[in-house]
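Reader: Please take me through one part of this model at close range. Pick a single residue, then work outward to what surrounds it.

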Amino acid sequence: MKKIVLLVLSLSLLFCWSCKKKEPALDSETEKALNSLSQELDQAFNNDELDFDLSKMNPNMVYALIFDLMMDSEKYEGKTFKLKGDFFTTTGPHGNPVYAVIIKDAQACCQQGIEFKYDFGGKIPETFRQVTVTGKYVITEIEEGIQYNYVEASLVEFQ
């Protein structure tokens with residue numbers, strides 16, 4: 001009986017092993033794209049001063065990271081970001097100015113904004129200019145468990 005069980009088990013393992021699919025080889029264009037993306041990610045995350053340099057990343061990668069930032073913001077708290085996009089300003093609920101970086105995906109059909117705090121000294125720049133914002137990501141609680149997230153900017157550069 002033991003011999004039959006061992007034989008069946010051995011044949012089952014042999015069958016499973018022989019049916020394993022081989023991974024298809026990547027064509028040269030796909031391999032180049034993956035290598036380029038890998039280098040891009042290395043550059044974006046290997047900066048001593050920054051935790052996330054989104055100004056060097058592909059627009060789709062930036063959009064994905066910003067989406068993750070909005071969905072799981074706690075893991076980014078206190079991290080230093082460099083963001084590049086369109087400057088936007090509006091007036092907040094208490095009459096205070098609100099600034100944001102609007103980041104679009106590669107096809108510019110989808111966009112997300114990240115608010116930032118910065119003292120422009122009363123001279124508010126024009127809306128929709130290209131801007132690069134560097135600063136720490138901050139999470140605060142404003143009332144009854146409502147989170148308020150923004151970047152405390154240490155540097156704002158306009159192109």
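**A close look at Asp86**

Author: Asp86 lies in strand 2, which covers residues 80-91. The model is predicted. Start with exposure. Asp86 has a relative accessible area of 13%. The cut-off for buried is under 20%, so Asp86 counts as buried.

What does the side chain of Asp86 meet? It makes a polar contact with the side chain of Gln130, at 3.1 Å. Gln130 falls in strand 5, which runs over 130-143.

Now the wider surroundings. Neighbours within four places in sequence are set aside here. Asp86 then contacts Ala100, Val101, Ile102 and Lys104, among others. The list also includes Phe128, Arg129, Gln130 and Val131. Strand 3 spans 97-104, and strand 5 spans 130-143.

One of those contacts deserves a stop: Phe128. Phe128 sits in the loop between strand 4 and strand 5. Its phi is positive, about 75°, and it is not a glycine. Most residues other than glycine have a negative phi. Phe128 is also exposed, at 57% relative accessibility. Asp86, which it touches, is buried.

Go back along strand 2 to Thr80. Thr80 belongs to this strand too. Thr80 is buried, with a relative accessible area of 10%. What does Thr80 contact, leaving aside its neighbours within four places in sequence? One run is Glu49, Leu50, Asp51 and Phe52. Another is Thr134, Gly135 and Lys136. Strand 5 covers 130-143. Gln130, the polar partner of Asp86, appears among the contacts of Asp86.

Next, the core. The largest nonpolar core has 24 residues. Leu54, Ile66, Phe81, Leu83, Phe116 and Val133 have the most contacts inside it. Strand 2 supplies at least two residues of this core. So do helix 3, strand 3, strand 4 (111-117), strand 5 and strand 6 (146-158). In soluble globular proteins, nonpolar side chains tend to be buried together.

Ile66 gives a view from inside that core. Setting aside neighbours within four places in sequence, Ile66 contacts Leu54, Leu83, Ile103, Gln112 and Ile114. Leu54 and Leu83 are themselves listed among the residues with the most contacts inside the core.

Helix 3 spans residues 59-71. Met70 is found there. Met70 is partly exposed, with a relative accessible area of 36%. Met70 joins Phe67 and Met71 in a nonpolar patch on the surface. Together the three have about 320 Å² of accessible area. Helix 3 also supplies at least two residues of the largest nonpolar core.

Then the charges. Which residues are linked in a network of salt bridges? They are Asp68, Asp72 and Lys75. Lys75 pairs with Asp68 at 3.0 Å, N to O. Lys75 also pairs with Asp72, with the closest N and O atoms 3.8 Å apart. Lys75 is partly exposed, at 46% relative accessibility. Asp68 is partly exposed at 25%. Asp72 is partly exposed at 32%.

A further salt bridge joins Glu115 and Lys117, with the closest N and O atoms 3.5 Å apart. Strand 4 covers 111-117. Is each partner buried or partly exposed? Glu115 is buried, at 18% relative accessibility. Lys117 is partly exposed, with a relative accessible area of 26%. The whole structure has four salt bridges.

Finally, the frame around Asp86. The protein chain has three helices and six strands. From the N terminus the order is α-α-β-α-β-β-β-β-β. Buried residues make up 28% of the 159 residues, and Asp86 and Thr80 are among the buried ones. The accessible surface comes to about 11,300 Å². Carbon and sulfur atoms hold 55% of that surface. Take the contacts with a separation of 6 or more: 56% of them join residues 24 or more positions apart.

How values were computed: Residues are numbered from 1 along each chain as its sequence is written. This is a predicted model: local features need pLDDT of at least 70, side-chain atom pairs count only at pLDDT 80 or more; totals for chains, interfaces and linings use all residues. Side-chain values use heavy atoms; hydrogens and water are left out. Helices (H or I, at least four residues) and strands (E, at least two) are DSSP runs, numbered from the N terminus. Buried means under 20% relative accessible area, exposed over 50%, partly exposed in between (1.4 Å probe, protein chains only). A polar contact is a pair of N or O atoms within 3.5 Å; within protein, one must be able to donate a hydrogen and the other to accept it, and residues adjacent in sequence count only if both atoms are side-chain atoms. Contact means heavy atoms within 4.5 Å. A salt bridge is a side-chain nitrogen of Lys or Arg within 4 Å of a carboxyl oxygen of Asp or Glu. Patches are made of residues with over 30% relative accessible area and no salt bridge: like charges are joined within 9 Å, nonpolar side chains (Val, Leu, Ile, Met, Phe, Trp, Tyr) within 5 Å. Accessible areas come from the Shrake-Rupley method with a 1.4 Å probe; for residues, only the protein chains shown count as cover. A nonpolar core is a set of buried Ala, Val, Leu, Ile, Met, Phe, Trp, Tyr and Cys residues joined through side-chain atoms within 4.5 Å.
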